[in-house]
Amino acid sequence: MSTVLINIRELLQIRSKMERPLRGNEMSILPSLTEAYLRIDNGRISDFGEMRYYQPHENEEVIDLQGKTVLPAWCDSHTHLVFAGNREQEFVDRINGLSYEEIASRGGGILNSAQTLRETSEEELYLQSAKRLEQVIAMGTGAIEIKSGYGLTREAELKMLRVIARLNKNYPVTVKATFLGAHAIPSEFKNDADGYITYMIEEVLPEVGAENLASFIDIFCEKGYFTVEQMNRFLEAGAKYDLRPKVHVNQFNAFGAVPAAVEQHALSVDHLEVLEEEDLQALSRSETIATALPLCSLFLSIPYTPARKIIKANIPLALATDFNPGSSPSGNMNQVVSLACIKMNMTPEEAINAATLNAAFAMGVENEAGSITIGKKANLIITEEIPSYAFLPYDFGHLNIAEVWLEGKPAARKADVIFQP
Ligand code: NIG
Ligand code: FE
């Protein structure tokens with residue numbers, strides 16, 4: 001069955017197949033067609049062009065978009081969407097003067113979420129997470145990476161990864177799983193981070209590999225969490241199971257984690273709120289993608305990742321939400337794009353490129369998502385009538401999305417999820 005969308009005011013992010021993410025000046029170009037049509041066959045983009053070349057086909061559904069803009073659905077390449085409960089009390093504690101690090105050192109933070117998750121059944125964890133997934137789909141997300149990391153035991157990590165697999169099966173959104181076995185040091189291994197890494201490598205990683213539960217491996221390389229040596233050991237063990245690194249580095253401190261992650265062929269290094277010259281140099285000589293998480297900077301009042309320096313150094317930059325209960329309780333990619341423009345001085349073209357095509361590369365779905373390309377999934381955002389695409393980040397806080405289409409079908413309308421798993 002074929003469907004064609006006609007009278008599209010502007011069709012954004014049209015590309016032929018790309019081999020590499022965009023870097024430097026490439027990020028400032030957002031190719032588009034005005035007055036366009038887009039054809040979908042079997043859930044995939046089969047044709048697009050200018051309206052003046054549009055030829056109707058027999059027996060196809062024609063939808064007149066009457067001047068609306070179409071762009072590829074967002075790719076959110078870094079989230080912790082599967083979690084149990086919330087941490088609003090820590091939010092209040094921070095308002096009253098405690099820092100994120102102080103809360104964590106008192107047993108709050110990630111360990112607080114891990115405790116709640118261990119006490120939550122797999123079914124309940126699935127239901128809480130499915131609700132969040134439906135919310136982010138309605139906000140235009142068509143591909144999403146989701147991490148484990150709030151389990152910190154064999155049983156609870158596997159529980160998280162199975163929930164991620166079930167979400168992938170039941171929703172038309174593209175889901176990629178990351179094994180974040182080293183997110184924090186649980187109380188069972190207090191003062192023995194090396195022992196915890198050994199436990200994860202010996203007791204959990206083989207099961208993740210055997211059940212094919214993840215595509216990527218992640219570690220929180222940060223003072224008070226894991227060292228560069230521990231990161232290297234963990235990532236080398238993951239490589240034996242073909243898990244490519246996507247790592248949390250340089251959120252609060254820079255101490256050589258970025259060059260080390262580059263050495264480990266990381267697909268992406270994420271956070272980078274603190275970035276030094278040696279980090280920029282290591283990245284600019286590599287294929288590793290830098291991922292900025294501006295909602296985390298906003299929510300924790302920490303510096304924003306220096307996007308202009310990254311783009312100037314010719315490093316590919318992606319944007320993601322970091323959706324999690326502690327540092328970014330929002331999975332709204334529209335706000336990510338707005339903040340990238342407002343706080344990181346990215347142009348709308350750069351921000352949209354970073355949140356679609358480059359983010360698709362940063363989660364290994366560049367052949368499926370992230371651009372309007374023949375053969376890719378028809379994962380689309382159909383906007384309200386907007387004067388130009390710059391209006392999207394400009395009109396921050398408003399969702400100018402009329403419909404979200406996934407795999408060639410409407411998945412959500414006006415922030416109303418209509419997809420039923
Ligand atoms: O990316 N920095 C480490 N992990 C998450 C936060 C986890 C939490 O606070 O629950 C992040 O910000
Ligand atoms: Fe994160």
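# Group meeting talk: an iron site and the fold around it

The iron ion, ligand 2, takes its protein donors from H78 (NE2), H80 (NE2), H248 (NE2) and D322 (OD), and these lie 2.1 to 2.2 Å from it. Please keep in mind that this is a predicted model. Along the sequence, the spacing of the donor residues of that iron ion reads H-x1-H-x167-H-x73-D. H78 sits in the loop between β6 (74-76) and α1 (88-95), while H248 belongs to strand β10 (residues 244-249), so this pair ties together parts that are 170 residues apart in sequence. Are H78 and H248 buried or exposed? Both are buried.

Now the chain as a whole. Its secondary structure amounts to 15 helices and 17 strands. The radius of gyration is 21 Å, and the globule rule gives 22 Å for 421 residues, so the chain is as compact as a globular protein of that length. Along the principal axes, the C-alpha atoms fill a box of roughly 70 × 45 × 45 Å. Of the 421 residues, 60% count as buried. The accessible surface comes to about 16600 Å², and carbon and sulfur atoms make up 48% of that. Taking contacts with a separation of 6 or more, 73% are between residues 24 or more positions apart.

Next, the domains. The assignment gives domain 1 as 3-73 + 371-417 and domain 2 as 75-361. Taken over C-alpha atoms, their centres are separated by 29 Å. How many residues of each domain are in contact with the other? The count is 36 residues of domain 1 and 37 residues of domain 2.

On to the interior. The largest nonpolar core has 128 residues, and L167, F179, M231 and M346 are those with the most contacts inside it. Which helix gives the largest share of this core? Helix α6 (residues 193-210) does, with eight residues. Domain 1 and domain 2 each supply at least three residues to this core. There is also a second, separate core, with 17 residues, and L5, L65, I372 and A378 are included in it.

M346 deserves its own slide. Once its neighbours within four places in sequence are set aside, M346 is in contact with M27, A307, R308, I311, L317, L319, A340, C341, A351 and A354. A351 and A354 bring us to helix α13, where both are buried. This helix, residues 348-355, is mostly covered, with seven of its eight residues buried. Besides those two alanines, E349, E350, I352, N353 and A355 are buried in α13. What covers the buried residues of α13? The cover includes β6, α11 (307-312), β13 (317-319), α12 (333-344) and α14 (357-362). β6 came up earlier, as one end of the loop that holds H78.

One last residue, A411. A411 lies in strand β16, residues 409-413. Its relative accessible area is 2%, and the cut-off for buried is under 20%, so A411 counts as buried. A411 and G142 are 269 residues apart in sequence, yet their C-alpha atoms are 9.7 Å apart in space.

To recap: three histidines and one aspartate hold the donor atoms for the iron ion, the chain is assigned two domains, and the largest nonpolar core draws at least three residues from each.

Key: Residues are numbered from 1 along each chain as its sequence is written. Chains are lettered from A and ligands numbered from 1 in the order in which they are written. This is a predicted model: local features need pLDDT of at least 70, side-chain atom pairs count only at pLDDT 80 or more; totals for chains, interfaces and linings use all residues. Side-chain values use heavy atoms; hydrogens and water are left out. A nonpolar core is a set of buried Ala, Val, Leu, Ile, Met, Phe, Trp, Tyr and Cys residues joined through side-chain atoms within 4.5 Å. Buried means under 20% relative accessible area, exposed over 50%, partly exposed in between (1.4 Å probe, protein chains only). Helices (H or I, at least four residues) and strands (E, at least two) are DSSP runs, numbered from the N terminus. Domain bounds come from an automatic or database domain assignment. Contact means heavy atoms within 4.5 Å. Donors are N, O and S atoms within 2.8 Å of the metal (3.2 Å for Na, K and Ca); water is not among the atoms, so sites may look incomplete. The radius of gyration is taken over C-alpha atoms; the globule rule is 2.2 Å times the number of residues to the power 0.38. Accessible areas come from the Shrake-Rupley method with a 1.4 Å probe; for residues, only the protein chains shown count as cover.
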